Amino acid sequence: RLCLEEEEEEEEGEEGRRTRQRVGSLKKRVLALDPAKSYGWCIFEYVDGACVSITAGSFLVTGDVGKCMYEARRHLTPLMQDVDLCFIESWIGRSTREEGKNRLNHGFRSLPMELAYGAGVECHMVNCSSWRKHIGVKVEKEMTQIQCKKRYLPRVWHTLERSEQPPAFDRRMHDAVDAIAVGLCGLAGKISPNPTAPFMSPPRAKPVLLRRSCSPVESF
């Protein structure tokens with residue numbers, strides 16, 4: 001029996017051994033974030049290297065930069081618990097005439113990076129154009145956010161290889177669609193720099209979409 005196991009291990013090769021070691025019987029939890037005042041989030045649950053569930057939602061923050069950061073922290077802190085890997089949509093600062101908006105958007109991304117660092121979670125940024133390309137969506141400049149999200153929804157379902165039709169669009173539930181796409185792109189390894197965390201198989205689970213919440217208790 002020992003000789004047989006040695007032969008099987010030899011045939012498996014180094015890559016197979018690495019794969020077996022990283023998936024094992026471990027559970028993995030991946031968090032993807034789409035930072036904004038309507039802040040989208042998505043959690044991918046993995047068992048033995050296979051995605052068993054996708055849960056996505058969003059929360060709303062209001063007020064000035066300080067208040068928005070305070071409210072966002074209250075929501076993000078419980079979401080970051082027991083997470084192994086985090087993907088955050090990146091953002092490029094605009095003109096200095098939009099200084100307030102720049103501060104807000106940078107803060108929305110710096111905050112989860114800080115929380116991830118404190119929790120020992122590996123964190124990566126995902127470019128907006130990268131995740132759009134990953135799900136096969138082109139966006140015209142004149143399109144509104146609602147029009148964009150309506151276009152993202154069926155493409156996310158297609159990328160997940162779901163046979164059923166996606167649900168009818170409801171902004172209170174589908175603010176999180178962007179976050180799912182961020183996670184799909186990140187899990188495909190389309191990020192820079194190259195991650196040190198191992199990646200699991202492509203997600204195929206049917207997403208559970210939660211209504212937008214205002215309380216961190218309602219978020220998850």
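**View 1. A32 of strand 1 and its bridge partner C42 in strand 2.** The bridge partner of A32 in strand 2 is C42. The model is predicted, so local features are given only where pLDDT is at least 70 and side-chain atom pairs only at pLDDT 80 or more, while totals for chains, interfaces and linings use all residues. Residues are numbered from 1 along each chain as its sequence is written, and side-chain values use heavy atoms, with hydrogens and water left out. Strands (E, at least two residues) and helices (H or I, at least four residues) are DSSP runs, numbered from the N terminus. Strand 1 and strand 2 run antiparallel and are joined by 8 bridges; two strands pair if DSSP finds at least two bridges between them. A hairpin of 3 residues leads from strand 1 to strand 2. Of the 10 residues of strand 2, 8 are buried (under 20% relative accessible area, with exposed over 50% and partly exposed in between; 1.4 Å probe, protein chains only).

**View 2. The hairpin of strand 2 and strand 3.** Strand 3 covers residues 50–60 and runs antiparallel to strand 2, with 10 bridges between them. Y46 has C51 of strand 3 as its bridge partner. The hairpin has 2 residues between the strands, and D48 takes a positive phi near 55 degrees there.

**View 3. The open sheet of 6 strands.** The strand order is 5-4-1-2-3-6, with mixed pairing. Strand 5 and strand 6 (207–209) are at the edges and have a single partner strand each, so one side of each lacks a neighbour in the sheet. From one strand to the next the twist averages 20 degrees (axes are lines fitted to C-alpha atoms, for helices over the stretch in contact, and angles run from 0 to 180 degrees between N-to-C directions). Strand 1 and strand 4 run parallel and are joined by 4 bridges; L31 has C86 of strand 4 as its bridge partner. Helix 2 lies across strand 1, strand 2 and strand 3, at about 165 degrees to strand 3.

**View 4. Helix 3, residues 99–119, and its packing.** The 21 residues of helix 3 should span 30 Å at 1.5 Å a residue, and the end C-alpha atoms are 30 Å apart, which agrees; the expected span is 1.5 Å times one less than the number of residues. Its buried residues include L104, F108, L111 and L115. The buried residues of helix 3 pack against strand 1, strand 2, helix 2 (65–79), strand 4 (85–89) and strand 5 (122–126), where contact means heavy atoms within 4.5 Å. Just after helix 3, G120 takes a positive phi of about 70 degrees.
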